Amino acid sequence: MRWLQYLFIALATLVIFCVTLVVTFLLLLDAPHYREALVLIVNRTTDHHLEIDGPLQIEFSLSPLITVSDIHFETAGKTFELESAEIRTRFELLPLLSKHLVIHEFLARDSVISYRKRPHEDEDTSLEYPQLNAPAIENFRIDNLVINYWRQDEVEPLQIKLDALKIDDKNDTGPVVLTGSGTISGNTFHLDGEFGEIATLLGSNQPYPVSFRFDFMDSTMQVEGMIANPHGDGELDIVVRQEASDLRRVLESVQVHSPDIGRLKSSYRLAGTLKNPQVLDLDIRVSKADVALQVSGNINRLRTAGNLNLDFSAAITDKALLEWLLPEGSPTFHSIQASGKLTGSAESLVLREATLDASGPDVQRLQVSGSAHIIDAPQPLRDLQATLSLSSSDTAFVKKYIKAVPQLGPVSGTARLTTDADALRAENIKLSVGNTSTVQLDATGSIRHIVFTPTVEVSKMELQLNLRGTSVKSIGKLIHRDLPDIGPVKLNAQYSGSLSRSTLGNMNLHAGSPDQLQLDVRGDIKLAALGGDRAISGLELDVNFQAPGTEYLSTITGTAIAALGRIQGVAHVNDTAGVTAISNLDIKIDKGRDFQLAMNGALADLENLDGLDMKLELSASDLNTIGEVFDLSLPKEGPVSYSGRVTGSLKKFHDKGRARLRNTTITTDLSASLAGKRPRLAGSVTVPDLDLHDIGIYLDRPAEEPVTPAIREFDQVVHHQAAVTKELFSKQPLDFSGLHAIDLDVEFMIRKLSSTAASVADIYAHVLLDNGKLAIKPLKYSVDDDVISNELVINSATKPPAVSLLASGDDINLGLLLADTARKNFPVRGTMTARANLKSRGQSPAELAATLDGEIEFVTENARIDKGTMNLVAVDVIGWAISNILSPNKDVEIECAILMMQFNKGMGTTDLNIIDTPDTLIRIDTRLDLANETMDVAILPEHKTRLFKAKKEPMEIYGPIANPQYKLVSVKDLALETGRAAFLAPLTISTSLLENITGLIVKPKEPKPGSCDKFLK
């Protein structure tokens, strides 16, 4: 037991100190100054410190007597300290010459010895003793000795208190008797013994008997035997027996905390000589119900622990004890069985016929058998020859050593373990991980360098890997990525390198199935440290993929992709400088004439999606096929094609290409940025000649002649419309979110419009959209060389959103404009000037109408329009009424038509609204309440021909705009209404004259330029 070693070290220290003291002062021979000289020599010539506060007396003779009081001694660094109230000793000088120590008297009283273990100091506390034969002791006594021992970083020491220790030869003739008592960590011990006579020890070569017993707690140690010749080599024949009913209590008393170990029973025989003792017939057993430990054999060189020949065996099923015995971080085992033979020495052990069979929750079974040479080195195993077999329900236990290892399921494997220099090798590896229902990985090969340090170092690996998975998603655990499920996967590769840097070489990967997406990858992958930030450090791969339809790419992208046809592609992926690049990318999508897309190019930086250079060739049967890609509903106009080049990055790219829709060519020069808060698109779109037929607009297609309903049918028409439309302006909030989804700065230029009656050209629109504010400034185009200019602003960033419209056009060819509107070619002459300046705020159409401010102005001169067109373009109530007031059977000649209306917070009133024809002058007074959706319109015709040819009656239309009422009224009655007198006064006088003067003939006049000037003035 180690505490006995501490006790004997302390006693030997006291004796050696006294002997050294005498020898030193015999050399000094200066009796009056013994104490001062001794203190001065120790303190000045060594790193130690000595204090003697009491007297120092030496009686010189062949049996000198030394007495010293109140002494304090400590070594450098204070690792060893001695304090004693009194030390007295008498010994023989002459026997020392023959290495015999004869002590006649020794006394140590009230002493304290303290020892502190240095950091990283080995547990062996043995000291170098003077080479002396067995000492002869007549009278030896220690009273009240305390020994304190501190291990590293311990606050409380192991404390041994020796209350009394006495060795007496019983009147100088009888046997030497040993008695002692004290405590160890508060637990009492007793020591009793008896040795041979002093006379036998000093003057005879007769065998010297030794016998003593040590009782501590529930443990006992008995020593009994004989020293054959104490003056020579001293052949030994001593039997030592130890028993402890509870070994845990004994260990805890010396501050070693352990679970229940069981009962200790040991015996051995000390043989050999005093100089070279041996331990023979060693038999150590520790046992309880679930613990059985045994060590047996011989130690032929006890001092050096050399020439060992030991057998050991262990069978432990105590979970707590296994956890305590195994190194920190070891897998958890519930059962261990081990056996083997140890030969050699403590510095160079040979382990033979070793077996280990362990099982537990982490590792279902671990079996090791073989032999090894064990030395004192960081890698202790040499000449290892062993076989290993391993099985586990999961890879979780490996994560204790390699955190990056995923959890894949059952593990089973075998290997041949050997050593090479200072490293461990694993050869003939056969490893299987996972199961056939999810992922199974089989590995065969060798690992030629394994070093177990605080971190496991594994290198020089050569493994052939075969991986099979029911789905690509299931193997995502291997690379710590969430992969899509595209079908089963197979992988063959040569894995080589180390945990910090390895390579998957000659890789051949096939994933997917013929009826879905198929992926084939060949090449090499260089892997960085497992569990590091960057799992891949280099690539050289050829990738080939194909699928019966593009919709199968949805599993990869996570978004729904339209069925555009069969897809196939190839690419070369490489990473040689920390940047992954895709080159020779060639993708084709083919659905026959319906859709074809070819992409060819490269991506220089895959991780940052930069260095994009891609050529695109696209053709489709119609626009809607392309719209399906972006989940948009587009007209089925076609065929359509595109050819262009996209450069930059996927965050900021530039497109320059040419598209063709039927006969229309579109040139694009656009830059897109996805790096900001919103995507931003800027650039230009140019169309040399836009054929409206190509985008589904047919202005020149003849329309059926509209039928003008008779006055008796008017109620049915209007009431039918009212039943369908209950409100004119919806109160549902408008969705302006689209204006916040993207920013735009795009110029649209169309040189010419085809398939129109009018000559429309030079269309230019600058569209600006920034953070929800849309501005089309300007929108310009020319009709028959007459320029029309518009500006539209929608600001959805304000609360509520604001809308403004500014439009103007001078001398517009009315005939061409109405011809396109009516989809009918007919002779029309005349021009129109239009102005609009409107502003409004609101979240819904109803709110926008209720807050409308501004003015509109339309002026038409010298126009000729047929009656059918009037009915078509004037489909509202007012237009219908006007068309019936005018001549019902012939074309309408309009010398002047003016509409000027002001809006103030949704209230609209006419400043001037007249229609002047050769036979009729119509004045219209309009009041609109857009907030309440009501109207009040008075239509007042003035005759220019004989009254009996055409009688025109005034008409009033009023009530809800969606369902108005009407009535024919006399001019006098209408003039009497509040607010209408000033407006109708001139009309009342002229109408009365026309009704009372017969024979007055007003002939139609030819239209003249400036027919509206008289009204505008």
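This is a short dialogue on how to read some features of a predicted model.

Visitor: Where do I start? How many helices and strands are there in the protein?

Guide: Start with an inventory. The protein has 16 helices and 51 strands. Next, ask about cover. Of its 1017 residues, 44% count as buried. The protein exposes about 53300 Å², and carbon and sulfur atoms supply 54% of that area.

Visitor: What share of the contacts joins residues 24 or more positions apart?

Guide: Take the contacts with a separation of 6 or more. Residues 24 or more positions apart account for 47% of them.

Visitor: The model is predicted. What pLDDT does the protein average?

Guide: The average is 79, and 78% of the residues score at least 70. Now look for weak stretches. Over residues 703-725 the pLDDT stays under 50, and the model has 26 contacts beyond four places in sequence for them. Residues 871-876 are also below 50, with 7 contacts beyond near neighbours in sequence. Where pLDDT is low, the predicted coordinates should not be read in detail.

Visitor: Now the inside. Which residues touch the most other members of the largest nonpolar core?

Guide: First the general idea. In soluble globular proteins, nonpolar side chains tend to be buried together. Here the largest nonpolar core has 77 residues, and Ile142 and Ile184 touch the most other members. A second, separate core has 66 residues, including Val411, Val458, Ile567 and Met614.

Visitor: How do I read strand pairing? How many bridges join β30 and β31?

Guide: Check the direction, then count the bridges. β30 and β31 pair in the antiparallel sense over 9 bridges. Then pick out one partner pair. Arg566 has Asp590 in β31 as its bridge partner. Last, look at the turn. The two strands form a hairpin with 4 residues between them, and Gly578 in the turn has a positive phi of about 85°.

Visitor: Which strand comes next to β31 on the list of pairs?

Guide: Strand β32, residues 595-605. β31 and β32 are antiparallel too, with 7 bridges. In this pair, Asp586 is matched with Asn600 in β32. The hairpin of β31 and β32 has 4 residues between the strands, and Gly592 takes a positive phi near 70°.

Visitor: Let me try one residue. Is Asp575 buried or exposed?

Guide: Place it first. Asp575 is in strand β30, residues 566-575. Then use the cut-off: buried means under 20% relative accessible area. Asp575 counts as buried because its relative accessibility is 2%.

Visitor: What does the side chain of Asp575 reach?

Guide: Look for polar partners. The side chain of Asp575 reaches the backbone nitrogen of Val579 at 3.1 Å. A polar contact of 2.9 Å also joins the side chains of Asp575 and Thr580.

Visitor: And Lys588? Which residues does Lys588 touch?

Guide: Lys588 is found in strand β31, residues 580-590. Its relative accessible area is 45%, so Lys588 is partly exposed. Leaving out residues up to four places away in sequence, Lys588 touches Arg566, Ile567, Gln568, Leu597 and Ala598. Compare sequence with space for one of these. Lys588 and Ala598 are 10 residues apart along the chain, and their C-alpha atoms are separated by 4.5 Å.

Visitor: Give me another acid. Where is Asp810?

Guide: Asp810 lies in strand β43, residues 802-813. Asp810 has a relative accessible area of 38%, so it is partly exposed. Beyond four places in sequence, Asp810 touches Asp786, Val787, Met832, Thr833 and Arg835. Now check the side chains. Those of Asp810 and Arg835 are joined by a polar contact of 2.6 Å. For a backbone distance, take Thr831. Its C-alpha atom is 8.3 Å from that of Asp810, with 21 residues of separation along the chain.

Visitor: One last strand. How many residues of β49 are buried?

Guide: In β49, residues 934-943, 8 of the 10 residues are buried. Now find its partners. 10 bridges join β49 to strand β48, residues 920-929, and the two run antiparallel. 6 bridges join β49 to strand β50, residues 955-960, again antiparallel. Use Val937 to link the strands. Val937 is the bridge partner of Thr926, and it stands opposite Ile957 in β50. Finish at the turn. The hairpin of β48 and β49 has 4 residues between the strands, where Glu933 takes a positive phi near 60°.

Terms used:
Residues are numbered from 1 along each chain as its sequence is written. This is a predicted model: local features need pLDDT of at least 70, side-chain atom pairs count only at pLDDT 80 or more; totals for chains, interfaces and linings use all residues. Side-chain values use heavy atoms; hydrogens and water are left out. A nonpolar core is a set of buried Ala, Val, Leu, Ile, Met, Phe, Trp, Tyr and Cys residues joined through side-chain atoms within 4.5 Å. Buried means under 20% relative accessible area, exposed over 50%, partly exposed in between (1.4 Å probe, protein chains only). A polar contact is a pair of N or O atoms within 3.5 Å; within protein, one must be able to donate a hydrogen and the other to accept it, and residues adjacent in sequence count only if both atoms are side-chain atoms. Two strands pair if DSSP finds at least two bridges between them. Contact means heavy atoms within 4.5 Å. Accessible areas come from the Shrake-Rupley method with a 1.4 Å probe; for residues, only the protein chains shown count as cover. pLDDT is the predictor's confidence in each residue, from 0 to 100.
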